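Trainee: I'm new to this one and would like a walk through it. Could we take it piece by piece?

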Amino acid sequence: MDNLVCMPKGHIDGDKHIDEVLKILSVRLRRLVGRLSINWCELQEIRLRINEPIIMIYGNREYFVSEFGMLTSNSDKGLVITQADVKETLEYISNYSLYAYEDEIKQGFITIQGGHRVGLAGKVVLENGIIKCVRHISFINIRMSHEIKGCSRSVMPFISLQREVAHTLIISPPRCGKTTLLRDIIRTLSDGNDFLPGMTVGVVDERSEIAACYRGIPQNDVGIRTDILDCCPKSYGMLMLIRSMSPQVIAVDELGGYQDIDAVYSVINCGCKLIATIHGNSIDDIRTRPGIRKLVEERIFERYIILNGAKKVGQICEIFDQRGSCLYGGERI
Amino acid sequence: MILKILGGGLVLFSSCSIGHAIGRNQEIRTCELSELLIMINLIKSEMKYAVNELPEIFADIAPRLKGSVAVWCGYMAEQLSENQEASFEKIWDNGIKIFDRESRLCEGHMQYIKKLGKLIGHMDVDAQLAQLELLFADINHEYEIEREKTNQIKKLAGSMGILGGIFLVIIMI
């Protein structure tokens with residue numbers, strides 16, 4: 001079982017990552033954080049809240065940063081973030097152009113160079129019940145991108161059927177590495193591997209999580225034959241890709257609504273292969289959802305990969321085929 | 001006598017040049033206001049249709065403008081894309097200092113430019129466009145006033161230059 005834990009130490013260039021993140025912090029914070037002598041690969045999040053101390057999630061633990069540029073567990077010693085810090089940081093994040101990120105801000109995040117995601121919160125302005133904009137942004141969460149190349153190596157034999165890709169659904173609770181796994185599957189399919197030749201992959205990246213495009217350029221390695229529709233709703237994007245880019249495989253993250261399910265049928269009827277992810281704990285769990293249940297009962301997906309983060313993030317718990325036969329781990333369902 | 005004629009000619013020429021320079025100054029000021037209006041319109045369209053970021057906007061519009069406004073936009077584009085160690089306010093203030101050195105606009109006009117710096121970059125596109133619309137109306141009003149003044153000042157300064165020169169020559173002779 002352990003040999004299938006799919007999150008090996010990735011190829012993360014810590015210095016490059018921190019440079020990308022440092023340049024979006026206010027000058028005061030930049031100098032302070034830049035002074036830390038830590039392993040940047042272990043840095044997961046930087047949280048800024050006005051009038052509260054700066055928090056860093058480092059090696060799965062929470063720390064504060066003292067005025068002397070040291071990590072501390074004592075919140076009283078943490079440097080307090082000012083309104084000017086947040087304002088300046090927002091200017092750098094948006095390249096002095098917050099208005100240009102209106103749609104991203106409505107969704108609550110901006111993707112910056114390097115694929116890092118900046119979550120934003122503040123006062124939400126509604127118009128006719130729809131979010132118009134977010135004003136007075138006072139909370140910023142910078143999440144470091146962690147691309148882990150090679151993490152799909154162990155699942156590739158299961159998703160290739162006689163030199164073809166199987167329609168695959170990755171089922172996982174949040175923060176268990178499903179997007180990371182999907183990204184690496186996309187890269188491997190696109191570049192080609194021992195089991196499958198390289199093929200054209202179309203990705204609908206609704207929340208810029210897979211390729212993390214910055215100004216249209218993928219910041220993560222998604223392979224040489226991959227086309228990306230960035231920030232596009234999945235239901236439209238899948239059809240657009242079929243019409244415009246003729247992909248052999250379509251990949252989407254977090255299937256959910258009825259429109260997504262309709263689009264899945266279009267993909268399958270067009271002869272494209274589908275790799276998708278969904279939030280959940282098991283096949284039984286997703287069977288309770290009306291749209292997805294139909295896909296499961298009609299045996300649309302040929303492989304189900306169940307992830308579980310209980311022991312380790314990205315651990316592959318079970319792999320099933322369309323009939324529910326267990327191909328790896330667990331028992332037949 | 002020849003020296004007197006030469007001296008008188010020089011005085012007359014200098015006086016006429018001063019008059020012409022005053023008229024020309026007014027003409028350039030009007031042109032700069034007109035360029036500012038064009039700049040605001042270009043910023044509006046870049047924001048509305050391309051939703052470009054400010055560094056790109058300034059880089060795009062600088063070659064489409066003339067004179068000191070073009071120089072200033074070029075400076076802003078360069079600073080916004082390269083200098084990620086200063087707030088927008090600081091970059092804008094530095095830009096205004098450079099523009100002020102090159103420009104013929106008066107203090108009242110510069111206040112509009114300072115106001116522009118406080119408006120752009122923040123909020124959503126609609127709010128930006130509405131604010132720019134208001135600023136456009138204010139600057140356009142100033143432009144109309146200056147444009148009306150331009151012909152009058154040019155004629156007046158020209159005539160005053162000649163008459164003042166003649167007056168000085170007569171006194172000196």
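Mentor: Sure, and keep in mind that this is a predicted model. One definition before we start: helices and strands here are DSSP runs, numbered from the N terminus, with at least two residues for a strand. Two strands pair if DSSP finds at least two bridges between them.

Trainee: Let's begin with the sheet in chain A. Which strands are its edge strands?

Mentor: The sheet is open and has seven strands, paired in the antiparallel sense. Their order in chain A is β4-β3-β2-β1-β7-β6-β5. An edge strand pairs on one side only, and in chain A that picks out β4 (71–72) and β5.

Trainee: Start from β5(A), then. Which residue in the turn between β5(A) and β6(A) has a positive phi?

Mentor: Strand β5 (residues 109–111) and strand β6 (residues 117–127) of chain A are antiparallel and share three bridges. Across that pairing, A:Ile110 faces A:Val118 of β6(A). The two strands make a hairpin with five residues between them, and the turn residue with a positive phi, about 95°, is A:Gly114.

Trainee: Moving on to the next hairpin, how many residues lie between β6(A) and β7(A)?

Mentor: β6(A) runs antiparallel to strand β7 (residues 130–143) of chain A, and ten bridges join them. One facing pair is A:Gly119 with A:Asn141 of β7(A). In the turn of this hairpin A:Asn128 has a positive phi of about 50°, and the number of residues between the strands is two.

Trainee: And on the β1(A) side, which residue of β7(A) is the bridge partner of A:Arg49?

Mentor: Strand β1 (residues 43–49) of chain A is antiparallel to β7(A), with five bridges joining them. In β7(A), A:Arg49 has as its bridge partner A:Phe139.

Trainee: Does anything lie on those strands? I mean, at what angle does α3(A) run to β7(A)?

Mentor: Helix α3 covers residues 83–93 of chain A. The helix lies across β1, β5, β6 and β7 of chain A, and its angle to β7(A) is about 100°.

Trainee: How far apart do the C-alpha centres of the two domains of chain A lie?

Mentor: The domain assignment splits chain A into domain 1 (10–143) and domain 2 (156–328). Their contact takes six residues from domain 1 and seven residues from domain 2. On the domain 1 side, these are one nonpolar, five polar and no charged. As for the C-alpha centres, the separation is 30 Å.

Trainee: Now chain B comes in. Which element gives the largest share of the side of chain A that touches chain B?

Mentor: Here 13 residues of chain A are in contact with 17 residues of chain B. The chain A side has seven nonpolar, two polar and four charged residues. Three residues make up the largest share, and they come from α3(A).

Trainee: Within chain B, is α1(B) roughly parallel or roughly antiparallel to α6(B)?

Mentor: The axes of α1(B) and helix α6 (residues 125–172) of chain B come within 8 Å. Their contact has 26 nonpolar, 16 polar and nine charged residues. The axes cross at roughly 175°. Angles over 145 degrees count as roughly antiparallel, so α1(B) is, relative to α6(B), roughly antiparallel.

Trainee: Last one: why does B:Arg24 count as partly exposed?

Mentor: B:Arg24 sits in helix α1 (residues 2–50) of chain B. A residue needs 20 or more C-beta neighbours within 10 Å to be buried, and 12 or fewer to be exposed. B:Arg24 has 15 inside 10 Å, so the class is partly exposed.

Technical notes
Residues numbered from 1 in each chain as written. Chains lettered and ligands numbered in written order. Predicted model: local features only at pLDDT ≥ 70, side-chain atom pairs only at ≥ 80, totals over all residues. Helix = DSSP H or I, 4+ residues; strand = E, 2+ residues; numbered from the N terminus. Domains from an automatic or database assignment. Contact = placed C-beta atoms within 7 Å. Nonpolar A, V, L, I, M, F, W, Y, C, P; charged D, E, K, R; others polar. Axes fitted to C-alpha atoms, helices over the stretch in contact; angles between N-to-C directions. Parallel < 35°, antiparallel > 145°, perpendicular 65-115°, else oblique.
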